[in-house]
Every structure is written in structure tokens, then in C-alpha cells.
Amino acid sequence: MDTINILYISLSGNTKSFIQDLTTYLKLKSVDINEINIKDYPEEKELNTPFVTFLPTFLKGGNGLDNGYTEILTTRLSSYLQYKNNYRNCYGIIGSGNRNFNKQYALTAKQYAERFGFPYITDFELRGSEGDFERIYIDILKYRDQYLLNGGLN
Ligand SMILES: Cc1cc2nc3c(=O)[nH]c(=O)nc-3n(C[C@H](O)[C@H](O)[C@H](O)COP(=O)(O)O)c2cc1C
């Protein structure tokens with residue numbers, strides 16, 4: 001049975017719900033999900049196996065166009081990734097948010113990709129929808145394979 005490791009934070013439950021639905025979807029393909037929601041498990045641990053990160057967007061103010069790019073509420077995820085260089089085992093990040101935020105949509109995950117040097121894989125809105133599960137599963141496999149082929153982050 002294949003296992004996908006996921007590190008994420010979910011504050012109002014949307015990302016958590018997405019990952020629960022993804023887990024149910026992948027069970028049918030005999031794929032298991034091993035997940036840490038740092039809202040429930042905030043204590044930083046060293047992560048030794050490759051994982052994908054999921055990050056919803058919570059920004060301070062902003063007009064969705066040209067200001068308000070400061071992350072709030074989710075910064076614990078950044079510390080977790082920094083802890084013992086955990087980010088080196090992250091083969092990519094998936095952002096989420098609400099498209100009403102225009103240019104700020106899913107922005108924090110893009111900022112993390114730049115900061116840590118892992119790929120921005122893709123995004124989904126709120127709790128995701130039916131077509132997202134297969135799409136995101138295929139993307140995860142692609143980026144994980146690439147990472148393993150390269151022997152880690154470039
Ligand atoms: C205070 C606040 C600020 C937010 N800012 C953004 C934003 O800048 N961009 C965006 O795409 N979504 C934004 N959102 C929407 C959340 O990213 C979205 O609801 C997400 O699904 C929350 O994930 P969670 O329920 O797993 O915590 C914001 C939501 C709140 C409550």
C-alpha cells in the first residue's frame with residue numbers, strides 16, 4: 001500500500017475537510033494518507049520521510065490587488081518547516097484560499113515555495129470539489145517522483 005505523508009494547518013476546518021475527503025477517495029486506490037495537522041499537533045517534530053505541505057491563506061487586510069501580503073495565523077507552519085530543516089523533505093506545497101481575494105488567492109503557499117525553494121504544486125478553493133481529488137493526487141505523485149528522482153531538493 002502506498003502512503004502519502006501530508007503536513008498541514010487548518011484553522012477553520014476547510015483544509016482538514018479536503019484532506020479527509022482525499023483520504024476517502026484514495027482508499028479506493030489502496031493509497032493511505034499519513035497526516036499531521038499542526039493545529040492539533042503543534043509540537044515540532046523532525047520529519048524524516050518525504051511529504052507534501054498544504055497551506056490555506058490568511059493574510060492581514062489587503063485589497064486583493066496591490067497590498068496586504070502579510071501572513072497571519074499560519075506562521076507556525078513556517079517554523080515547523082524550519083525546525084531541523086524539515087523543509088528539505090518537502091517535495092512541494094499546495095495552497096488554498098478563496099478566489100474572492102483576487103491576487104491574494106492562495107498567496108501564502110506561493111510565498112513559502114519561494115522562501116523554502118520547494119515547488120508550488122497547485123491550489124484548490126475552500127473545501128475543494130469533486131474534480132480536485134484526482135487532479136491533486138496526480139500532481140502529488142508527479143512532484144514526489146521528481147523529488148525522488150533528483151535525490152531531494154535542488
Ligand atoms: C481572516 C481571513 C483572511 C483570509 N485571507 C485570505 C487571503 O488573503 N487569500 C485567500 O485566498 N483566502 C483568504 N482567506 C480564506 C481562507 O484561506 C479559506 O477560507 C481557507 O479555506 C481556510 O482554510 P482552513 O479552514 O483550513 O483554515 C481568509 C480567511 C480569513 C478568515
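**A walk through the ligand site, an aromatic pair and two loops**

Let me begin with the ligand, which has 17 residues around it, and of these Ser10, Leu11, Ser12, Thr15 and Thr57 come nearest. Please keep in mind throughout that what we are looking at is a predicted model.

If we ask how the residues of the shell around the ligand divide, eight are nonpolar and nine are polar, while no charged residue is found in that shell. As for where the ligand sits, the space that the ligand takes is the largest pocket.

Turning now to individual atoms, I would like to go through three places where the ligand meets the protein backbone. At threonine 57, which I already named among the nearest residues, a polar backbone atom is 2.6 Å from an oxygen atom of the ligand. At glycine 13, a polar backbone atom is again paired with an oxygen atom of the ligand, here at 3.0 Å. At leucine 59, by contrast, the ligand atom in question is a nitrogen, and it is 3.4 Å from a polar backbone atom of that residue. How much of the ligand's accessible area does the protein cover? On its own the ligand has 640 Å² of accessible area, and the protein covers 82% of it.

Let me move on to the aromatic rings, where the structure holds nine aromatic pairs. One of them is formed by phenylalanine 18 and phenylalanine 124, and this pair is stacked, with 3.9 Å from centre to centre and 15 degrees between the planes. Which parts of the chain does this pair link? Phenylalanine 18 belongs to helix H1, residues 14–27, whereas phenylalanine 124 belongs to strand S5, residues 120–125, so that the pair links distant parts of the chain, with the two positions 106 residues apart.

Finally, I want to point to two loops, and to the backbone within them. Most residues other than glycine have a negative phi. Lysine 84, however, has a positive phi, near 50 degrees, and this residue is found in the loop between helix H2 (75–82) and strand S4 (90–97). Alanine 106 also has a positive phi, near 55 degrees, and its place is in the loop between S4 and helix H3 (107–116).

Terms used
Residues numbered from 1 in each chain as written. Predicted model: local features only at pLDDT ≥ 70, side-chain atom pairs only at ≥ 80, totals over all residues. Heavy atoms only, no water. Near = heavy atom within 4 Å. Polar contact = N/O pair within 3.5 Å; in protein donor to acceptor, adjacent residues only side chain to side chain. Areas by Shrake-Rupley, 256 points an atom, 1.4 Å probe, with all protein chains shown as cover. 1 Å grid on protein atoms, 1.4 Å probe; cavity = no way out; pocket = protein on both sides within 12 Å on 5 of 7 lines; lining within 4 Å. Sits in = over half its atoms within 2 Å of the grid points. Nonpolar A, V, L, I, M, F, W, Y, C, P; charged D, E, K, R; others polar. Phe/Tyr/Trp six-rings, centres within 6.5 Å; stacked < 30°, edge-to-face > 60°. Helix = DSSP H or I, 4+ residues; strand = E, 2+ residues; numbered from the N terminus.
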